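Reader: Could you walk me through the packing and the charged pairs in this one?

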Amino acid sequence: STADPAKSRKVRFAGKQLKPGGAAEDQGDFFGINSTGHVIAEHKFPRDGESLLRGRAAADQAGNELAKMEFSIDGKPVHTFEVKGKREQEEYEFKLRMSAGNHQFKAAFINDFYDPKAKRGGNDRNLYIGWLEVAGPLDVREDDLPESHRKLLAATPTATRPPAEAARENLRPLLRRAFRRPATDDEVNR
């Protein structure tokens, strides 16, 4: 199998897997945050590498700016999103380089607004977070690949071995077994 190793390292956190803080309240399919609050996912990154942080969120809009959701790692902000629309859930993502080990991925509502007298544009800004997700490391290393893949594709392209030459080296043993005889150069090149 040549399954994508990055996909197999995708982990989604929802419901009880998320730790709420501040005004975040578990409402079944999502966490409702009607004042300053956040949800946290604890994740162990298997090794250093580029990772993808994702979150599904919606908002109630009010005031003169869109609801804002901030992603942070171990308490350090890494990216802020404007959550558009009114209650339509959308996915938001940000790539960054992570170090191996346990880290806290937090999504926070950072610009609460409430004015009972406001008429235009609504009077209560809220954020709703459905889930958080971590994917990665996204870069595939040789030791990430299954043993069967490494056996079949032992020759990899390098600075001195062009892709076509690596492909020929990998095909020869396969063709020898399929044809039950050594393959000719023409057969390999084809």
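Author: What follows covers the nonpolar core, then the salt bridges, in what is a predicted model.

Reader: How many residues are in the largest nonpolar core, and which have the most contacts inside it?

Author: The largest nonpolar core holds 27 residues, and those with the most contacts inside it are Val 39, Met 69, Val 83, Leu 127, Ile 129 and Leu 132. Two or more residues come from each of several strands, among them S3 (31-45), S4 (49-60) and S10 (124-135), and S3 gives the most, with five residues.

Reader: What is Val 83 in contact with, beyond its sequence neighbours?

Author: Leaving aside neighbours within four places in sequence, Val 83 is in contact with nine residues' worth of list entries, including Ala 57, Leu 66, Met 69, Tyr 92 and Leu 127.

Reader: Switching to charges, how many salt bridges are there?

Author: The count comes to twelve salt bridges. In one of them, Glu 133 pairs with Arg 54, with the closest N and O atoms 2.5 Å apart; this pair links distant parts of the chain, since Glu 133 lies in strand S10 and Arg 54 in strand S4, 79 residues apart.

Reader: Are Glu 133 and Arg 54 buried or exposed?

Author: Glu 133 is buried because its relative accessible area is 1%, and Arg 54 also counts as buried, at 13%.

Reader: And what about Glu 187, which partner does it have?

Author: Glu 187 forms a salt bridge with Arg 181, the closest N and O atoms being 2.6 Å apart; Glu 187 counts as buried at 19% relative accessibility, whereas Arg 181 is partly exposed at 36%.

Technical notes:
Residues numbered from 1 in each chain as written. Predicted model: local features only at pLDDT ≥ 70, side-chain atom pairs only at ≥ 80, totals over all residues. Heavy atoms only, no water. Core = buried A, V, L, I, M, F, W, Y, C linked by side-chain atoms within 4.5 Å. Buried < 20%, exposed > 50% of the residue type's maximum accessible area, 1.4 Å probe, protein only. Helix = DSSP H or I, 4+ residues; strand = E, 2+ residues; numbered from the N terminus. Contact = heavy atoms within 4.5 Å. Salt bridge = Lys/Arg side-chain N within 4 Å of Asp/Glu carboxyl O.
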